[in-house]
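Please open the model in your viewer and keep the selection panel at hand. The stops below go from a short stretch of one chain to the chains as a whole.

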Number of protein chains: 2
Amino acid sequence: MTTTIPSKSTALRTHTCGELNASHAGQTVTLSGWTDVKRNHGGVLFINLRDLYGVTQVVANPGSPVFKTAEEAKSEYVLRVTGKVSLRPGANANKNMPTGEIEIEASEITILNASQPLPFELGEHAGVSEETRLKYRFLDLRRPRMAKNMVLRSRLSQVVRNYLYGLDFNEIETPLLTRSTPEGARDFVVPSRNNPGEFYALPQSPQQFKQVLMMSGMDRYFQLARNFRDEELRSDRQPEHTQIDLEMSFVDEQDIARVVEGMMKAVFAYIGEEISGPFPEMEYSDVMLKYGSDKPDLRYSLEIKDCSEIFKASGFKVFSEALAGSGVVRAIKGEKAAVFSRKDMDNLTDLVKARGAKGLVWLRFKDGKFESPTLKFMTEPELAALKDLLAVAEGDAVFIAADKAAVAAPCLGALRTELISRLKPAQEKKRAFLWVRHFPLLEKDPESPNWTFTHNPFTAPLPGEEGKLDTDPGNVLSCQYDLVLNGVELGSGSVRNHSRAMQEKIFGLMGYDKEQVQRRFGMIVNSLDLGAPPHGGIGIGYDRLIGLICGTDSIRDVIAFPKTTSGACLMSDAPSVIDDKQLKELHLKITD
Amino acid sequence: MTTTIPSKSTALRTHTCGELNASHAGQTVTLSGWTDVKRNHGGVLFINLRDLYGVTQVVANPGSPVFKTAEEAKSEYVLRVTGKVSLRPGANANKNMPTGEIEIEASEITILNASQPLPFELGEHAGVSEETRLKYRFLDLRRPRMAKNMVLRSRLSQVVRNYLYGLDFNEIETPLLTRSTPEGARDFVVPSRNNPGEFYALPQSPQQFKQVLMMSGMDRYFQLARNFRDEELRSDRQPEHTQIDLEMSFVDEQDIARVVEGMMKAVFAYIGEEISGPFPEMEYSDVMLKYGSDKPDLRYSLEIKDCSEIFKASGFKVFSEALAGSGVVRAIKGEKAAVFSRKDMDNLTDLVKARGAKGLVWLRFKDGKFESPTLKFMTEPELAALKDLLAVAEGDAVFIAADKAAVAAPCLGALRTELISRLKPAQEKKRAFLWVRHFPLLEKDPESPNWTFTHNPFTAPLPGEEGKLDTDPGNVLSCQYDLVLNGVELGSGSVRNHSRAMQEKIFGLMGYDKEQVQRRFGMIVNSLDLGAPPHGGIGIGYDRLIGLICGTDSIRDVIAFPKTTSGACLMSDAPSVIDDKQLKELHLKITD
């Protein structure tokens with residue numbers, strides 16, 4: 001091929017604004033970019049010309065033919081500048097700027113485009129409302145922090161792809177116009193003009209298609225897939241989000257874990273962080289007991305302890321009634337939390353009450369002894385055992401919940417999060433990954449006499465648990481697992497049912513008859529008895545992962561064009577009304 | 001990281017079915033895969049075990065503990081086989097099979113899943129209707145040809161990404177829930193539950209967002225983007241298709257061409273074909289004159305010739321009337337086409353009449369002279385000049401159209417395609433790339449007194465042509481270009497307007513007032529005067545490109561889960577009716 005592939009040199013520039021240094025001195029170059037900052041020093045004009053790659057200082061001397069144009073150039077004017085690279089005198093070199101050794105003595109300046117005054121300053125610290133930022137997203141993305149987020153998101157997607165291709169995964173595009181299966185969240189639907197009265201649905205995930213790809217023998221599939229959920233939005237939700245979706249044949253949970261751990265290692269290596277593995281893994285039941293959450297933040301070791309044994313003969317009605325009703329008594333220690341005021345304690349009590357607890361027992365340990373409004377209900381041996389179990393030291397506080405395990409666990413889990421937030425204990429590591437395994441397969445459907453899946457209707461029971469499907473469905477453990485990072489659920493996956501009989505049995509427990517199974521899940525069940533291999537996979541939230549890496553609380557900061565919490569795009573003004581003609585073609589009418 | 005990253009070894013296999021050879025002899029291995037072919041040779045069972053990577057022969061000897069299971073395994077049963085790799089005796093080695101040197105002496109066979117008899121044979125040559133193939137797509141994709149298409153599609157997407165990342169492009173995901181802009185094709189729309197009566201649209205392309213990314217300073221964007229068009233479907237159309245979409249700042253047409261040529265070089269290098277560049281380029285006006293099509297198949301040199309000069313004084317009314325009405329007389333030669341019968345000639349005449357021509361003049365050249373029903377209307381000097389111009393030789397035929405250029409060109413273009421199809425001239429090259437440049441910017445809107453864009457409302461006029469916007473809008477040439485490969489339009493792009501005044505002037509010619517411009521294109525025009533850089537780009541149809549590479553006429557063969565021509569997915573049975581509850585939440589009612 002005789003064509004020269006350009007690097008970043010184009011018809012309008014020989015170099016970018018980020019690459020020139022002392023080695024280029026004496027060369028005549030052409031740069032194109034934005035007028036970032038302009039200063040007048042003793043009649044000489046200095047323009048910082050900015051592009052995605054950096055900033056270069058341009059000098060226009062009074063009397064030079066370019067001076068007039070340099071004077072005209074206002075903030076954000078787009079310029080093309082030709083000139084000689086010259087070394088800045090030693091004292092003027094700027095060590096904080098990659099191009100700080102040089103400047104361009106402009107011999108030609110062209111205004112490629114003017115700019116009206118911007119509606120807000122691009123400076124990082126300017127206080128601009130998110131509404132304004134979203135309306136002028138193209139300006140917001142010019143800010144170095146946002147541009148860096150976009151580039152990092154892009155580069156890391158290629159790190160993920162290179163890693164998976166290295167393991168012989170294939171990226172296969174699954175349809176976005178799919179069939180509505182009203183499980184889980186609400187579907188976005190798309191009316192079909194060719195089939196009046198019928199609708200496509202935008203996929204909540206490629207789940208069924210990726211399983212079908214395993215039936216088709218594709219062996220290892222992945223996709224950076226766009227998923228859609230018509231939910232009430234929150235700061236970490238968007239109507240469309242991106243997922244690293246993968247599925248593998250002939251694997252068990254551990255195979256999938258190793259692939260994901262290697263991916264995380266590659267991703268964090270790109271940003272200079274070494275991640276070690278295999279990641280710790282815990283049973284769902286253990287993690288709920290110890291941390292009161294299925295996504296605990298393990299940067300902190302703080303644990304919940306069961307003290308049912310200590311209080312088994314307690315005369316304190318709060319404890320004895322809970323234990324008599326096959327509940328539990330569990331406690332968590334707040335290090336140096338004895339300084340919490342009565343009002344603090346009331347706030348913490350409200351926190352657990354909001355999660356269904358009847359109250360919260362708390363004790364401060366001060367001057368070598370416990371103090372508490374409920375101290376009188378506890379015996380000395382009980383208090384001594386409690387102190388031992390929690391290794392209570394001077395200045396600590398203890399919080400006790402007595403209730404059904406299903407209430408005590410999330411209450412103490414929320415309390416744990418609150419204690420971490422208030423007490424700010426030292427982080428034991430920067431990135432705490434955790435596999436939470438073996439979630440229950442089924443739970444009671446609150447709206448029917450049936451069971452419903454806890455995560456995914458296609459998850460297989462844990463081998464050995466199948467027998468309980470007939471006798472005790474609520475206690476069947478599953479091959480479902482979550483990947484947690486720093487208290488955030490990054491991903492969720494499972495080994496799937498590859499037996500039609502097992503899948504139909506589970507659908508039966510969910511109350512679906514054969515016809516309903518066919519209608520909702522026909523594509524899957526029909527393929528299970530035509531040579532379906534054992535398979536499993538995971539979906540990892542890409543927006544959340546990049547949010548964590550970029551250190552932002554809002555995934556809107558890592559999505560180029562996000563929606564507001566009401567689902568609007570303030571820049572393009574979507575959604576909008578459509579023509580009556582369009583509605584008519586779709587055989588639709590809008591109602592009140 | 002102490003985790004071992006697996007290659008393709010998993011809990012259920014040590015190797016794949018495609019990798020074992022003589023060097024593994026003596027090793028005990030475990031394979032998992034599908035029962036492809038089973039044969040009984042003198043009581044010994046031979047199973048060809050298949051996975052994505054290949055086929056390995058498994059041997060079960062009578063009397064061995066695995067024999068019974070091997071007997072049970074029917075076609076497409078999923079098996080796990082453990083056994084020793086042994087060399088096949090020299091005469092039994094199969095040189096046509098990568099694993100043909102060895103076989104596995106099975107010591108353990110587990111049926112991982114049974115299979116019902118398949119609804120059709122997977123053998124490549126089995127005649128299965130496309131409807132059945134689409135209904136059981138997971139089986140269709142098990143066929144080696146289809147699996148190979150899917151893998152190649154996947155791998156080439158990574159070739160494209162690696163190439164573009166190498167040039168510092170960033171892949172940035174643009175929204176799929178966007179605003180409806182009823183230009184061009186019909187939008188698919190998505191009702192917004194949160195905003196009753198309003199709709200999102202699925203994007204026909206990321207055009208506006210990618211331009212906005214240039215305004216945001218992202219410099220070089222690309223995306224393998226999903227595009228949606230609610231059109232009448234044909235064999236090469238799908239309601240959703242994938243496009244290699246890219247946009248660059250500070251570039252001219254040639255910069256973009258070099259990037260695309262390098263990409264094509266990388267893509268074809270992956271399949272072992274060397275592509276040379278720069279690609280030939282032609283003016284739109286020339287290509288219409290010479291080939292009568294804006295996407296000519298240049299594997300063949302056959303050209304249309306203008307003979308208006310030859311016939312300027314013709315007494316033949318067909319020619320003289322066309323020329324008097326500022327039309328043209330053009331001809332094309334069919335090599336060895338003098339064998340065409342009168343019926344053939346009638347068919348060719350019908351072909352051009354269907355495209356608006358009044359008729360077709362044809363002449364056979366036989367025994368050193370022309371013969372034709374209209375020979376009497378042509379003089380000897382005219383015929384001699386015609387013979388010269390077209391280099392007519394014994395046995396050739398000549399076809400002449402006389403009409404307005406806008407009619408004659410496409411008629412002779414269609415005739416050229418038909419002649420190539422009938423005469424099968426030798427291909428001069430395997431891959432004929434062509435840039436067609438400088439399309440007219442505007443054409444008359446057939447439904448209004450206004451002008452409309454020919455390709456894209458954001459295309460810039462060719463530098464120097466701007467003045468004609470006021471005086472002769474229909475003849476303004478543009479920076480619009482198409483990439484053509486073997487007669488297929490692979491891609492289309494342009495350098496865009498980066499001046500708000502110019503963009504608004506063009507919208508004005510299209511009949512939009514300020515309010516309409518704001519409503520339809522506000523996102524673009526509002527950003528043009530806040531520091532928009534010169535920019536341009538292209539979108540390349542990925543399905544078509546892969547279709548050409550895989551040598552299939554139907555893009556359905558390179559899409560994992562395509563729709564039928566009525567927009568249905570026969571496997572998942574989409575689209576479908578949705579619940580009344582869902583409709584009510586969306587404030588919609590279905591009408592007749």
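In this predicted model, begin by selecting G292(B), which sits just after helix α7 of chain B and takes a positive phi of about 65 degrees. Then step back into the helix itself, residues 284-291 of chain B, where the buried residues are V287(B), M288(B), L289(B), K290(B) and Y291(B). To see what lies over these buried residues, display β11 (281-283), β12 (304-306) and β17 (433-437) of chain B together with α11 of the same chain, since the cover of α7(B) includes these elements.

Keep α11(B) in view, residues 405-423, and add helix α9 of chain B, residues 342-353. The two helices pack with their axes 9 Å apart, at an angle of about 140 degrees, and α9(B) and α11(B) are therefore oblique to each other. The cut-off matters here, because an angle counts as roughly antiparallel when it is over 145 degrees. If you look along the pair, α9(B) passes α11(B) in a right-handed crossing. For the side chains at this contact, select L348(B), L351(B) and V352(B) on α9(B), and C411(B), A414(B), L415(B) and E418(B) on α11(B). Six of the residues in this contact are nonpolar and one is charged, while no polar residue takes part.

Next, move to chain A and select helix α9 (residues 342-353) with helix α11 (residues 405-423), whose axes come within 9 Å and cross at roughly 140 degrees. That angle makes α9(A) oblique to α11(A), and the crossing of α9(A) over α11(A) is right-handed. Here the contact is formed by L348(A), L351(A) and V352(A) from α9(A), and by C411(A), A414(A), L415(A) and E418(A) from α11(A). By class, the residues of this contact in chain A are six nonpolar and one charged, with no polar residue.

Return to chain B for a single residue, D245(B), which lies in strand β10, residues 240-249 of that chain. Is D245(B) buried or exposed? It counts as buried, because D245(B) has 26 C-beta neighbours inside 10 Å, and the cut-off for a buried residue is 20 or more. Leaving aside residues up to four places away in sequence, D245(B) touches S205(B), P206(B), K210(B), F222(B), Q223(B), A225(B) and G539(B). For a sense of distance, select A384(B) as well: it is 139 residues from D245(B) in sequence, and the two C-alpha atoms are 51 Å apart in space.

Now zoom out to the whole of chain A, which has 16 helices and 23 strands and whose C-alpha trace spans about 95 × 75 × 55 Å along its principal axes. Of the 592 residues in chain A, 48% are buried. Colouring by domain is useful at this point: the assignment gives domain 1 (22-113), domain 2 (150-275 + 538-567), domain 3 (300-426) and domain 4 (439-478 + 499-532). The centres of domain 1 and domain 3 of chain A, taken over C-alpha atoms, are separated by 65 Å.

Finally, show chains A and B together and select the contact between them, which takes 121 residues from chain A and 121 residues from chain B. On the side of chain A that touches chain B, the largest share, eight residues, comes from helix α4 (residues 144-166) of chain A. The residues on that side of chain A divide into 56 nonpolar, 39 polar and 26 charged.

Key: Residues are numbered from 1 along each chain as its sequence is written. Chains are lettered from A and ligands numbered from 1 in the order in which they are written. This is a predicted model: local features need pLDDT of at least 70, side-chain atom pairs count only at pLDDT 80 or more; totals for chains, interfaces and linings use all residues. Axes are lines fitted to C-alpha atoms, for helices over the stretch in contact, and angles run from 0 to 180 degrees between N-to-C directions. Helices (H or I, at least four residues) and strands (E, at least two) are DSSP runs, numbered from the N terminus. Angles under 35 degrees count as roughly parallel, over 145 as roughly antiparallel, 65 to 115 as roughly perpendicular and the rest as oblique. A crossing is left-handed if the near helix is turned anticlockwise from the far one by less than a right angle, and right-handed if clockwise. Two residues are in contact if their C-beta atoms, placed from the backbone, lie within 7 Å. Ala, Val, Leu, Ile, Met, Phe, Trp, Tyr, Cys and Pro count as nonpolar, Asp, Glu, Lys and Arg as charged, and the others, Gly among them, as polar. A residue is buried if 20 or more other C-beta atoms lie within 10 Å of its own, exposed if 12 or fewer, and partly exposed in between; C-beta atoms are placed from the backbone. Domain bounds come from an automatic or database domain assignment.
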